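Subject: Handing over a structure, with notes

Dear colleague,

I am passing a structure on to you, and you will find it just below. My notes follow it, and I would be glad if you read them with the structure open beside you.

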Amino acid sequence: MAAVEHDADVIVVGAGPGGSATAYHLARHGVRVLLLEKTEFPREKVCGDGLTPRAVRQLIRMGVDTSPEAGWLHNRGLRVIGGGVRLELDWPDLASFPNYGLVRTRLDFDDLLARRAVEAGAELRTGVNVTGPVLGPDGRVTGVEAEVGPGKEPATFHAPLVVAADGVSGRFPLALGLAKREDRPIGVAVRRYYRSPAKHDDNYLESWLELRSKDSGDNLLPGYGWIFGLGDGRVNVGLGVLNSSSAFGKTNYRRLLTDWLANTPADWGMTDEANAEGPILGAALPMGFNRVPHYTRGVMLVGDSGGMVNPFNGEGIAYAMESGELAAEVAVQALARPAGADRERALTAYSTELKLRFGGYYRLGGIFVKLIGRPEIMRMATKHGMPHPMLMRFVLKLLANLTDPRDGDAMDRVINTMTRVAPAV
């Protein structure tokens, strides 16, 4: 049998933050990378557009200029609103993470990261819709089938390793029989842009733990909300509902968003439809490793494809980029070994390391999701927790997963111990 000619050492499916981060770190190590993206850049994505210091760290590791002069809006921390309290919590000062967050729309954020991957040496091909895997006689994936361009011309690309970074749809892992796990948390988020001169240059990300409409009285609307200034005259406004809520799957989320915004101050500009830019768009948030295993038969799952959204705060970009960097590190070591059992042994380290890093933390996140899905617990937590800034600083560190692993303060040590002793998901 003739040997297959490889088009690359690694094929990365999807040029979102996870895919581009994977391609960048692989290319920096001299690996031949083919990065396949079904759309054309720039392109829109449903997202809150807010980045915590955990995501900022990954941008810095990719050599991205995060200065205001480069088009980034910096923020100092998180403003939490709930229980009748409005609390501003600065990002913690840590050795492991920067002390600022960022906001930037996905319209050019993803484009910027894909260009960084290209600058590092990756080959980016847009307009390539990957439709499924190519399987070898042993059932191992040896490449991808795709449709290329407007004419959907069939094409096949080969590589000894494929990284699935195709987002929440996870069509590539689904084709391998890797379905979502129903016992893991999942959320739904909707968002819209509004022109808001009063809120657009806010130096805090704003999180609403309680949502009310004008006519809801003391009854809370389901979910949590956010308002993130973009610095260009607009804000990104949205809300999320978790599957632990009785309203999950039974609610008109777009109506829910407008009901909440109708109760915000008029000078914010979100009660007037004339200030809206574009439709209300929604997306699922796959959390807590809801698709596993993260490596199997020549395929590594990165980011949303592997259900890596943080259950505590709905953050996905940081974990997509972090898992992408880890996937690249493992792949580089594996590809230096001969094909066969030795290489497979190296590749299985990816799933093992992901569990070590996030398994216990995501287990705690799953418990958290179940608790806050009960309105009476959420009401009690906001009422009794919000008035205590020290407790809320602890909660911020826990929810944003921001601690120093060594030489941290007492809060860091408590959180690190909790995640270490929790059984991995």
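How do the residues of the lining of the second largest pocket divide into nonpolar, polar and charged? Before I answer, please keep in mind that this is a predicted model, and that what follows was computed from it except where I name a record.

The lining of the second largest pocket divides into 6 nonpolar, 7 polar and 7 charged residues. The pocket has a volume of about 560 Å³, and among the 20 residues that line it, Arg54, Arg357, Thr403, Pro405 and Asn416 lie nearest its centre. At least two lining residues are supplied by each of helix H2 (53–61), helix H8 (349–372) and helix H11 (410–421), and the largest share, 8 residues, comes from H8.

As for the record, an unreviewed UniProt entry lists residues 7–179 as "domain: FAD-binding". In the model, the C-alpha atoms at the two ends of residues 7–179 lie 28 Å apart, and this span is 24% helix and 34% strand.

Strand S12 (residues 161–164) is a good place to begin with the strands. In a regular strand the side chains alternate between the two faces of the sheet. In S12, Leu161 and Val163 point one way while Val162 and Ala164 point the other way, and all of these residues are buried. S12 runs parallel to strand S1 (residues 10–13), to which it is joined by 4 bridges, and here Ile11 stands opposite Val162. S12 also runs parallel to strand S19 (residues 299–301), with 3 bridges between them, and in this pairing Ala164 stands opposite Leu301.

Strand S14 (residues 204–208) is largely enclosed by the rest of the structure, because 5 of its 5 residues are buried. Both of its faces are covered, with Tyr204, Glu206 and Trp208 buried on one side and Leu205 and Ser207 buried on the other. The strands that pair with S14 include strand S5 (residues 77–82), which runs parallel to S14 and is joined to it by 5 bridges; the bridge partner of Arg79 in S14 is Glu206. Strand S15 (residues 224–229) pairs with S14 in the antiparallel sense over 3 bridges, and Ser207 stands opposite Trp226 in S15.

Two open sheets are also worth following in the model. One of them has 3 strands in the order S9-S10-S11, with antiparallel pairing. Its edge strands, each of which pairs on one side only, are strand S9 (128–135) and strand S11 (153–158), and the twist from one strand to the next averages 25°. Between strand S10 (residues 141–148) and S11, which run antiparallel, there are 6 bridges, and the bridge partner of Val148 in S11 is Glu153.

The other open sheet likewise has 3 strands, in the order S3-S7-S4, and its pairing is antiparallel. Strand S3 (50–51) and strand S4 (73–75) are its edge strands, each pairing on one side only. S4 and strand S7 (residues 101–103) run antiparallel and are joined by 3 bridges, and in S7 the bridge partner of Asn75 is Gly101.

With best wishes

Key. Residues are numbered from 1 along each chain as its sequence is written. This is a predicted model: local features need pLDDT of at least 70, side-chain atom pairs count only at pLDDT 80 or more; totals for chains, interfaces and linings use all residues. Side-chain values use heavy atoms; hydrogens and water are left out. UniProt positions are given in the numbering used here, feature names are shortened, and annotations may be inferred rather than shown by experiment. Buried means under 20% relative accessible area, exposed over 50%, partly exposed in between (1.4 Å probe, protein chains only). Two strands pair if DSSP finds at least two bridges between them. Axes are lines fitted to C-alpha atoms, for helices over the stretch in contact, and angles run from 0 to 180 degrees between N-to-C directions. On a 1 Å grid over the protein atoms alone, a cavity is a set of points where a 1.4 Å probe fits but cannot get out, and a pocket is an open set with protein on both sides within 12 Å along at least five of seven lines; lining residues have an atom within 4 Å of a point. Grid points are joined across faces, edges and corners, and a volume is the space filled by probe spheres set on the points. Ala, Val, Leu, Ile, Met, Phe, Trp, Tyr, Cys and Pro count as nonpolar, Asp, Glu, Lys and Arg as charged, and the others, Gly among them, as polar.
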